[in-house]
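Subject: Structure for your files

Hello,

Here is the structure I promised to pass on. My notes on it follow below the model.

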Amino acid sequence: MSLMRLRSCLVALITLSQVGACSSSATSPDTSEPFAFITPSELGLVRGDQIVARASNTFDKHSRIVWTHNRRFVAALNGHAGPNPNGSVSVIDAQSNVVRTLPCPGCETIAALDGSAVALTQLEVDSNNPATGLFTSKIVRIDLSSTASPTILNTGLPDTYIAVRLVGEAEGSALAANGDLTEVSFRGGPERMYIVSASKPSAEFGTSEGNTAVEQITGTTVGSVRLAVLSGAYAFACTTASIVTLYDPQTRLVTHTSTAAIIPDSDLPTNGRGPGEHGMAMRDLWWDSSGTLHAMVQAWTCTSPNDDYSNQLVQQSQWKLNSDNRWEQEDQENLLSIRRLSDRQRAIVTLAPSKPAERYGTLFLETSGRRKNLADKVYAIATPAV
């Protein structure tokens, strides 16, 4: 072999070894779930350990974060409920990180619908009775992947004076609830619940438990289709308790869940009455990828039935529903919200101790036990639906 050819072979070998070394030391791609968060002034998107997009708007503790069913877009309706000419929807494209704000005057509630689309309830003054102050309600569909104008859905929902609210999503549909003035209590419940589709009339799947309005419905298709409905039983300001009921929209099977491990059954308010000395609230209901239902739970002891617990420092912890449909505690840390992103990573929101009624906290990304501060005054976090 000539000296020149030997030198060329050596250079090639050295180059290949360097490429191999670079490849072996390269950082493996991040496989953790993206998630969104919401504060009084922005909707944010987090990927890896960085905030990659921010959408400025005005939000409050009731603002819902909505991921579209195809996991591409995340959106939130601004905090001005009712027929407000300045209503708008903040949208983040989770693929490109592009941020948009869409006008939505009078829009009040929002939920994922089909594909890249969301549904919104839109209120306007009843043109037939303008002096009464009554509103008419319609549900519109907006495809977030296009610039097309909103379209009105022919839902076939009953026309009542109590406006329909969108309270969740599942299996490519939005979920709605509304009551009838002749049947509901002054707390807003019970309510009829509906699956709202973009292509066919809405289908009623059940009536909520308790005497309060439905707060949230969240669904899973892991194992079977199950819709978890969060409502409540209200007796007085302090002696009130959340109720979580599971519905199978295909078989119409209704499954009641037990909260006996949180507060005694004897203390539960029943039909707006009850001797209870305790109160309990479930918040932030969600399913994980294994089909387990989780919730953040607050429980308190009442010195008077009319205590205002919302202004007290109440411990909040994470619970899950076991295979016997009983709630059991899984984490005692005082947190506002938690989402598991991967085996070694989770997003958590600590509960601000100074103003519990405001219901916000500090967002941390926890990786193998180490926490990184991402944002303050966070109301809620959400991952794409499973």
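Is R252 buried, partly exposed or exposed? With a relative accessibility of 48%, R252 counts as partly exposed; buried means under 20% relative accessible area, exposed over 50%, and partly exposed in between (1.4 Å probe, protein chains only). R252 sits in the loop between β18 (240-247) and β19 (254-256), and its phi is positive, about 70 degrees, although the residue is not a glycine. N97 is another such case, with phi near 70 degrees. That residue belongs to the loop between β6 (88-93) and β7 (99-103) and is partly exposed at 25% relative accessibility. For background, most residues other than glycine have a negative phi.

Before the rest, the conventions. This is a predicted model, in which local features need pLDDT of at least 70 and side-chain atom pairs count only at pLDDT 80 or more, while totals for chains, interfaces and linings use all residues. Residues are numbered from 1 along each chain as its sequence is written, and side-chain values use heavy atoms, with hydrogens and water left out.

Overall content

The protein chain has one helix and 28 strands; helices (H or I, at least four residues) and strands (E, at least two) are DSSP runs, numbered from the N terminus. Of its 386 residues, 47% count as buried. The accessible surface of the chain is about 18800 Å², and carbon and sulfur atoms account for 50% of that (Shrake-Rupley method, 1.4 Å probe; for residues, only the protein chains shown count as cover). Taking contacts between residues at least 6 apart in sequence, 45% join residues at least 24 apart, where contact means heavy atoms within 4.5 Å.

Two sheets

One open sheet has four strands in the order β3-β2-β1-β28, with antiparallel pairing; two strands pair if DSSP finds at least two bridges between them. Its edges are β3 (50-56) and β28 (380-382), each with a single partner strand, so one side of each has no neighbour in the sheet. The twist from one strand to the next averages 20 degrees (axes are lines fitted to C-alpha atoms, for helices over the stretch in contact, and angles run from 0 to 180 degrees between N-to-C directions). Six bridges connect β2 (residues 42-47) with β3 in the antiparallel sense, and L45 has A53 in β3 as its bridge partner.

Another open sheet of four strands follows the order β24-β25-β26-β27, again antiparallel. Here β24 (335-340) and β27 (370-378) are the edge strands; each has a single partner, so one side of each is left without a neighbour in the sheet. Neighbouring strands are turned by 20 degrees against each other on average, direction ignored. β24 and β25 (residues 345-350) run antiparallel and are joined by five bridges. In β25, A347 is the bridge partner of R339.

Disulfide

How many disulfides are there? The count is one, taking a disulfide as a pair of cysteine sulfur atoms within 2.5 Å. The bond is between C104 and C107, with sulfur atoms 1.7 Å apart. The torsion about this S-S bond is about -50 degrees, so the disulfide is left-handed. C104 is buried at 3% relative accessible area, and C107 is buried at 1%.

Salt bridges

There are 14 salt bridges, each being a side-chain nitrogen of Lys or Arg within 4 Å of a carboxyl oxygen of Asp or Glu. In one of them the side chains of R71 and E33 meet at 2.5 Å, N to O. R71 lies in the loop between β4 (66-67) and β5 (73-77), and E33 in the loop between α1 (3-25) and β1 (35-38), so the pair ties together parts 38 residues apart in sequence. R71 is partly exposed, at 36%.

E169 and R64 form another, with the closest N and O atoms 2.7 Å apart. E169 is in strand β12 (residues 165-170) and R64 in the loop between β3 and β4, which puts the partners 105 residues apart. E169 is buried at 16% relative accessibility, whereas R64 is partly exposed at 24%.

K320 pairs with E328, with the closest N and O atoms 4.0 Å apart. Both ends are partly exposed, K320 at 27% and E328 at 32%. In addition, salt bridges that share partners join D331, E333, R346, E366 and R371 into one network.

Regards
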